[in-house]
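Visitor: I have just opened this model and would like a guided look at it, starting wherever you think best.

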Amino acid sequence: MHTVIILNKQSSDLLKDFRFLYKPFVDEGTISFCDWNEAGTDLKSAVPDIYKCIKGKPDWRAIVLNTDSMAVHTSGPVADEKNPFDFPGETVNDTEIPRESNVPMIRLSHMLCGYPAATVKNFEKGFEYYDEKTLKRVRVRESELTEDEVYQLSRRYRDRLKPIYLDVPVSEEVKKAQDELNEKYGFSDNRPQELIFIATRKHKKDEEHIYESWKTQFEMESSNFSSRNKYPNNCRFICSSITNAENSLYMKELTEFWVSVLTLAINRIPASSLQAYRLYKLGMQASEEELERLLNKRLNRMESVYDFVQERMKMKAELSFEEDDILVPEQKIPVHFDGSSGKELYINTSKIGLSRDCPKDELFTWIMEITEKKRQINQFLKAPRRAIDKASQHLKGRAESFFGDEYKMDQFQVEDLEAEIERLETNVLENSTSGLVDEAKFKEQIEKVDKKVKKDIVSHIRRSTAVQVGCCLLLVYLLGFVPYWISAAKLGGSQFGSAVVVALAALAVAAAGGIAALFILRYRVRMSMEEYNHVIHTMVNNVNASADEFGKYFTAVCTYMKAQSIRAGIKLKSESISSAQFILRAHKQALKSSIERDEEVAASYGIRRVAEVEKNITSFFHEEKLPKDNALYYYETDKSDVGIPLNEAGDLVRAPYKFVAKLKLEREDLYDEVKGEV
């Protein structure tokens, strides 16, 4: 069962030096702590964290600690000197209307367990009989019947009419007040199965012990403080007597008090050993042999660790670089454009014919080829982009791997590093890669060439057209010589032959001119296509040349990031040193207070100190862990299955630590001064 320990501020302050005893059991989920604001009048203001403590724990109980008796100055309701749970000046008589208690302890019990039901104030005479017709039991009050009705019932039922006594019903005013308190103290989760109050008190005087030992009392005269103070029925009451802080027994009694509370918190106490409505005194018996072994071992370890911490605080960190070391070595990031060399992007212009459709249609062929080449260009340009992306990822991974390391440098090395960072930053800015491969520009040039080639192809005539036009032109040209031939024929046969030769020679010259025109048109088309090849040549060379530029740029950036990581590492090292020094100072303070506390406990038990130097300190001390997380500052819990005795009845309970030999819960004999007081 989970136990919630509820403490007011006084108890929390008193527990501060002994809270380490409870931490292992808090970590394992056996117990939890909840602060208590005694001024609170409802759950939210009194114990705001109670629901958080019991979340997921349907079966739980609470231990409420009150150590106000140890405070120098106290205010509020005053408890009885013998019984710290009895508040004579604050009790609510049965004749009074229920009201909210002025006592924080009682008020908290109502919040956690609900306001107790109204007790029976008095009884009145009545009659009980079984109805002759219905055979059901009937109960009537005598005050509700007249004398004649009583007489008639006596005659009718005779011996079957039994006199009884019935409790006087609670008034509507009392019932209304109680309902209002129950509504105010509503609990939205399971209420505690048990509410144990533990309070401290001052030791009784010797003469009081002598006087009480001679008194003869009866059980029926036992103090009825629980009912008188309106505590719920599932409350249990335990006290512990602790002397003043100046007394030599104070540390021993305070230690045993907190160890006893812890032992009680991790065990379910049998009902026979902790009854309701009774007051018990809490105590324990320690095994001084086991306690001597534990404290000597702890003190020896802590004193050795204290010297170790002192030495560690004096040590200085070593420099990360020697005097002649290169502070920031160059971080090479190679960029390789693997894949196509770009040869497939060129267009073969040697097969261009003299006419547009010889040997095949040039326009259709060009459109098909340029479409395929554009696809290949896109594919070609993807490879560098992917290579650059890979190099970027490589750069990112390298740069991220630089950070996180710590560096220690002297003043001069830091100055050199700052100068190197400034130089590298300038180098990065100067090695800009913008515009190295302007894809848009190359694609725009290709589009222009495409249009120009198409235009030149359109101006290139077809073969049939060339033949027809050529023949027509030659025929017309030849017809121009007909008058010349006629004149020559009149002059004689020799003249006509010469005229024919001249005409044929002229015709040959004209045909040669036509053929030359076809070669010129073909040349124009080829030159237009060669412009495309020139653009491709420029693009391929540009892409291949950019690999080195990107490599230089990424190398400069990576080297710069390395320098920045060293700068960050210097700060990280400084913070680490500061953090380490902070932790070491925390250890020093914690060790000092722990040693003082354990020495005081040892002295209070009269334990003989056996000092020994502990070796291999790192086997039981982890300096990087804060004291609250360091096992050195905690006692080793008892993990054995063997229990320790509870009182003398044979019951066994679990011991939190091996030095706890016995748990004591002794009933306190408390009697009311006035016999029969309710």
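**Around helix α6**

Guide: The cover over the buried residues of α6 includes β4 (123-130), where contact means heavy atoms within 4.5 Å. Helices (H or I, at least four residues) and strands (E, at least two) are DSSP runs, numbered from the N terminus. Please keep in mind that this is a predicted model, in which local features need pLDDT of at least 70 and side-chain atom pairs count only at pLDDT 80 or more, while totals for chains, interfaces and linings use all residues. Residues are numbered from 1 along each chain as its sequence is written, and side-chain values use heavy atoms, with hydrogens and water left out.

Visitor: Which are the buried residues of α6?

Guide: In helix α6, residues 147-157, they are Val150, Leu153 and Tyr157, and buried here means under 20% relative accessible area, with exposed being over 50% and partly exposed in between (1.4 Å probe, protein chains only). Looking down the axis of α6, these buried residues fall within an arc of 60°, so they line one face of the helix; the arc is that of the directions from the helix axis to the C-beta atoms. As general background, an α-helix has 3.6 residues a turn, so residues three or four places apart point the same way.

Visitor: And what is on the other side of α6?

Guide: There, Glu147 and Arg155 are exposed. Just after the helix, Arg158 takes a positive phi of about 50°.

Visitor: Let's zoom out. How many helices and strands are in the chain?

Guide: The secondary structure comes to 17 helices and twelve strands. Of the 678 residues in the chain, 40% are buried, and among contacts with a separation of 6 or more, 83% are between residues 24 or more positions apart.

Visitor: Now the strands. How many residues of β1 are buried?

Guide: Strand β1, residues 2-7, is mostly covered, with six of its six residues buried. Both of its faces are covered, His2, Val4 and Ile6 being buried on one side and Thr3, Ile5 and Leu7 on the other. In a regular strand the side chains alternate between the two faces of the sheet.

Visitor: Which strands sit beside β1, parallel or antiparallel?

Guide: β1 and β3 pair in the parallel sense over six bridges, while five bridges join β1 to strand β2 (residues 31-35), also running parallel; two strands pair if DSSP finds at least two bridges between them. Leu7 serves as an example, since its bridge partner in β3 is Leu65, and in β2 Leu7 stands opposite Asp35.

Visitor: Switching topic, how many aromatic pairs are there?

Guide: The structure holds 18 aromatic pairs. The rings of Phe85 and Phe237, for instance, have their centres 5.3 Å apart and their planes at 55°, so this pair is tilted. Rings of Phe, Tyr and Trp (its six-membered ring) pair if their centres lie within 6.5 Å; planes under 30 degrees apart count as stacked, over 60 as edge-to-face and the rest as tilted.

Visitor: Where do Phe85 and Phe237 lie?

Guide: Phe85 lies in the loop between β3 (60-66) and α5 (104-113) and Phe237 in strand β8 (residues 235-241), so the pair ties together parts that are 152 residues apart in sequence. Phe85 is buried, with a relative accessible area of 0%, and Phe237 is buried with 0% as well. In another pair, the rings of Phe257 and Trp258 have their centres 4.9 Å apart and their planes at 65°, so that pair is edge-to-face; Phe257 and Trp258 are both buried.

Visitor: What about charges over rings?

Guide: The charged end of Arg19 sits over the ring of Phe33, 4.6 Å from its centre, and Arg301 lies over the face of Phe620, at 4.3 Å from the ring centre. A charge counts this way if NZ of Lys or CZ of Arg is within 6 Å of the ring centre and within 35 degrees of the ring normal.

Visitor: One last residue: is Lys374 buried or partly exposed, and what does Lys374 touch?

Guide: Lys374, found in helix α12 (residues 362-402), is partly exposed, with a relative accessible area of 26%. Not counting residues up to four places away in sequence, Lys374 touches Ile446, Glu447 and Asp450. Lys374 and Ile446 are 72 residues apart in sequence and 8.7 Å apart in space, C-alpha to C-alpha.
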